[in-house]
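User: Could we go through this model together, with a few questions and short answers?

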Amino acid sequence: MFETEQSYFESHKTEFREKYIGKRIVICGSEFKGAYDTDGEAYEAAVKTMKPGTFMIKPVLKTDDEYIQRYMTRVYV
């Protein structure tokens, strides 16, 4: 899941770091859809034009060591 989006991010990582450090970017397939200040803003903007589960929201951080993978679900227990 999200292999295409992750691959796109990895191939454009330098460009994203130059422009969007500290932002959240939205990627759908092999397309950059936008940059936002928070996860919430990114999600709200993305669901206006795309179905949930079809896009990836990724923080743009200074180094690879800062990344933590988070998996979210809408299921509440």
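User: Is Glu 31 buried, partly exposed or exposed, and what is its relative accessible area?
Analyst: This is a predicted model, where local features need pLDDT of at least 70, side-chain atom pairs count only at pLDDT 80 or more, and totals for chains, interfaces and linings use all residues. Residues are numbered from 1 along each chain as its sequence is written, and side-chain values use heavy atoms, with hydrogens and water left out. Buried means under 20% relative accessible area, exposed over 50%, and partly exposed in between (1.4 Å probe, protein chains only). Glu 31 is partly exposed, and its relative accessible area is 46%.

User: Which side chain does Glu 31 meet in a salt bridge?
Analyst: A salt bridge here is a side-chain nitrogen of Lys or Arg within 4 Å of a carboxyl oxygen of Asp or Glu. The partner is partly exposed at 39%. With 3.1 Å from N to O, the side chain that Glu 31 meets is that of Lys 33.

User: Where does Glu 31 sit as a bridge partner, and of which residue?
Analyst: Helices (H or I, at least four residues) and strands (E, at least two) are DSSP runs numbered from the N terminus, and β2 covers residues 31-36. Two strands pair if DSSP finds at least two bridges between them, and β1 and β2 do so in the antiparallel sense over five bridges. They form a hairpin with two residues between them, and Gly 29 in the turn has a positive phi of about 65 degrees. Glu 31 sits in β2 as the bridge partner of Cys 28.

User: What is the order of the strands in the sheet?
Analyst: β1 also runs antiparallel to β3 (residues 56-59), joined by four bridges. One of the bridge pairs there is Val 26 with Ile 57. The edge strands, each pairing on one side only, are β2 and β3. The open sheet of three strands therefore reads, given that pairing needs at least two bridges, in the order β2-β1-β3.

User: About what angle does the direction of α3 make with that of β1?
Analyst: Axes are lines fitted to C-alpha atoms, for helices over the stretch in contact, and angles run from 0 to 180 degrees between N-to-C directions. Contact means heavy atoms within 4.5 Å. Helix α3 (residues 39-46) packs on the sheet and touches β1, β2 and β3. Its direction makes an angle with that of β1 of about 30 degrees.

User: Which elements give two or more residues to the largest nonpolar core?
Analyst: A nonpolar core is a set of buried Ala, Val, Leu, Ile, Met, Phe, Trp, Tyr and Cys residues joined through side-chain atoms within 4.5 Å. The largest one has seven residues: Tyr 8, Phe 9, Phe 16, Ile 25, Ile 27, Met 56 and Val 60. The elements giving two or more are α1 (3-11) and β1 (24-28).

User: Why does the salt bridge of Asp 37 and Lys 23 tie together separate parts, and how far apart are they in sequence?
Analyst: The two side chains meet at 2.4 Å, N to O. Asp 37 counts as partly exposed at 45%, and Lys 23 does too at 29%. Because Asp 37 lies in the loop between β2 and α3 and Lys 23 in the loop between α2 and β1, the pair ties together parts whose separation in sequence is 14 residues.

User: How many residues apart are Lys 19 and Glu 15?
Analyst: They form a salt bridge too, with the closest N and O atoms 3.7 Å apart. Lys 19 is exposed at 54%, whereas Glu 15 is partly exposed at 34%. Both lie in helix α2 (residues 13-20), and their spacing, about one turn of the helix, is four residues.
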